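Work through the exercises below with the sequence and the coordinates open side by side, and try each task before reading its solution.

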Amino acid sequence: MLASLTPKSIMIFSPVLLLSPFAQADHPAIIGYAYHSGTQQLAYTEEHTFPDFLSHHVVYKETDGSIFASKTIDYSDSYIAPDIIQTNQRNGELIKTEFVDDAIKVSYRTSFGADTQQSDIAFSADLVIDAGFDHYIRLNWDALIAEKETVIQYLIPSHQRKIDLRIKTVECKKDLKKTHICFNIAADSWLYRMLSSSLTLSYGKQSQKLMIFSGRSNISDKNGDYQDVTIRYQFHTPIKNQEISYVAN
């Protein structure tokens with residue numbers, strides 16, 4: 001299976017996973033503008049809303065404003081390993097994870113008409129899923145900055161398996177050095193590194209909010225390929241209440 005993978009077919013993880021819940025809002029709390037890598041050409045936008053501290057909804061829109069994908073993230077069981085449902089109307093791709101009886105039930109469908117593959121993944125305390133990545137970074141902020149490298153387990157629903165991801169701080173671009181902390185994320189395995197691209201996350205030093213994502217998108221085109229993008233996030237709703245308390249796995 002690994003031998004058949006190509007760089008465009010591998011998604012390490014979703015940029016949407018990097019945004020934490022805020023107080024309830026009736027309009028988008030965060031909008032992400034995804035540009036084709038190295039250009040100012042808009043590829044799509046993401047609109048994030050947070051009905052409550054345990055729910056996170058995302059809609060993805062084409063440049064003409066039409067919705068082509070959606071994601072629901074449920075933190076009821078864990079902020080680090082939430083349940084997710086993501087559907088992509090461009091090609092019918094479906095991603096679903098659900099915590100059931102001390103295991104993670106993973107469902108994945110490549111396209112309309114394709115069979116849905118299902119498997120159970122053993123749950124572990126250090127397993128991170130989708131949007132749980134941001135909670136992991138924020139919860140371990142000081143340690144991640146102090147350590148040279150940190151390795152975590154991350155679930156790849158499309159391959160229905162866990163892989164090790166390596167996180168390390170890197171020097172931000174010149175215009176961001178004073179205001180941002182930048183992390184490089186890559187597969188720990190040399191084979192996965194050969195078959196996938198790393199990505200860079202730029203967080204505000206003081207706010208600890210993700211401001212810029214640079215890497216492979218989690219949303220595929222109609223052919224099932226994932227694009228390299230730079231996503232810039234704009235926060236439209238201030239935090240009205242105290243930050244959420246993290247729920248231990």
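The exercises that follow concern a predicted model, and each task is followed by a worked solution.

**Exercise 1. The chain as a whole**

Task: Describe the secondary structure, the share of buried residues and the accessible surface of the protein chain.

Solution: Begin with the secondary structure, which comes to three helices and 15 strands. Next, turn to burial: of the 249 residues in the protein chain, 50% are buried. The accessible surface amounts to about 11,900 Å², and carbon and sulfur atoms hold 48% of that surface. Finally, consider the contacts with a separation of 6 or more, of which 50% are between residues 24 or more positions apart.

**Exercise 2. Two residues of one strand**

Task: Locate His180 and Asn184 in the secondary structure, decide whether each is buried or exposed, and list their contacts beyond four places in sequence.

Solution: His180 belongs to strand β12, which covers residues 180–187, and Asn184 is also placed in strand β12. A residue is buried if its relative accessible area is under 20%; His180, at 13%, therefore counts as buried, and Asn184, with a relative accessible area of 15%, is buried as well. Leaving aside neighbours within four places in sequence, His180 is in contact with Cys172, Ser202, Tyr203, Gly204, Lys205 and Met211. For one of these, Lys205, the separation along the chain is 25 residues, while the C-alpha atoms of His180 and Lys205 are separated by 4.8 Å. The side chain of His180 also makes a polar contact, at 2.7 Å, with the side chain of Thr179. Asn184, with residues up to four places away again not counted, touches Arg166, Ile167, Lys168, Val170, Ser198, Leu199 and Thr200.

**Exercise 3. Nonpolar cores and an aromatic pair**

Task: Identify the residues with the most contacts inside the largest nonpolar core, then classify the ring pair of Phe133 and Tyr154.

Solution: The largest nonpolar core has 36 residues, and Phe133, Phe183 and Leu201 are those with the most contacts inside it. Strand β12 gives the most to this core, contributing four residues. Another core, of eight residues, lies apart from it and includes Tyr75, Tyr79, Ile95 and Tyr108.

For the second part, note that the structure holds nine aromatic pairs. In the pair of Phe133 and Tyr154 the ring centres are 6.2 Å apart and the planes stand at 75°, so the pair is edge-to-face. Because Phe133 lies in helix α1 (residues 132–139) and Tyr154 in strand β10 (residues 150–156), the pair ties together parts that are 21 residues apart in sequence. Both Phe133 and Tyr154 are buried.

**Exercise 4. Asn218 and the surroundings of Tyr60 and Phe68**

Task: State where Asn218 lies, name the side chains joined to Asn218 by polar contacts, and follow one of them into an aromatic cluster.

Solution: Asn218 lies in strand β14, which covers residues 210–220, and, at 0% relative accessibility, Asn218 counts as buried. The side chain of Asn218 is joined to that of Gln86 by a polar contact of 3.0 Å, and to that of Tyr60 by a polar contact of 3.3 Å. Tyr60, in turn, forms one aromatic cluster with Tyr44 and Phe68. From Phe68 the path can be taken one step further, since Arg90 lies over the face of Phe68, at 3.8 Å from the ring centre. Another charge over a ring is found at Phe235, where Lys209 lies over the face at 4.8 Å from the ring centre.

Technical notes: Residues are numbered from 1 along each chain as its sequence is written. This is a predicted model: local features need pLDDT of at least 70, side-chain atom pairs count only at pLDDT 80 or more; totals for chains, interfaces and linings use all residues. Side-chain values use heavy atoms; hydrogens and water are left out. Helices (H or I, at least four residues) and strands (E, at least two) are DSSP runs, numbered from the N terminus. Buried means under 20% relative accessible area, exposed over 50%, partly exposed in between (1.4 Å probe, protein chains only). Contact means heavy atoms within 4.5 Å. A polar contact is a pair of N or O atoms within 3.5 Å; within protein, one must be able to donate a hydrogen and the other to accept it, and residues adjacent in sequence count only if both atoms are side-chain atoms. A nonpolar core is a set of buried Ala, Val, Leu, Ile, Met, Phe, Trp, Tyr and Cys residues joined through side-chain atoms within 4.5 Å. Accessible areas come from the Shrake-Rupley method with a 1.4 Å probe; for residues, only the protein chains shown count as cover. Rings of Phe, Tyr and Trp (its six-membered ring) pair if their centres lie within 6.5 Å; planes under 30 degrees apart count as stacked, over 60 as edge-to-face and the rest as tilted. A charge sits over a ring if NZ of Lys or CZ of Arg is within 6 Å of the ring centre and within 35 degrees of the ring normal.
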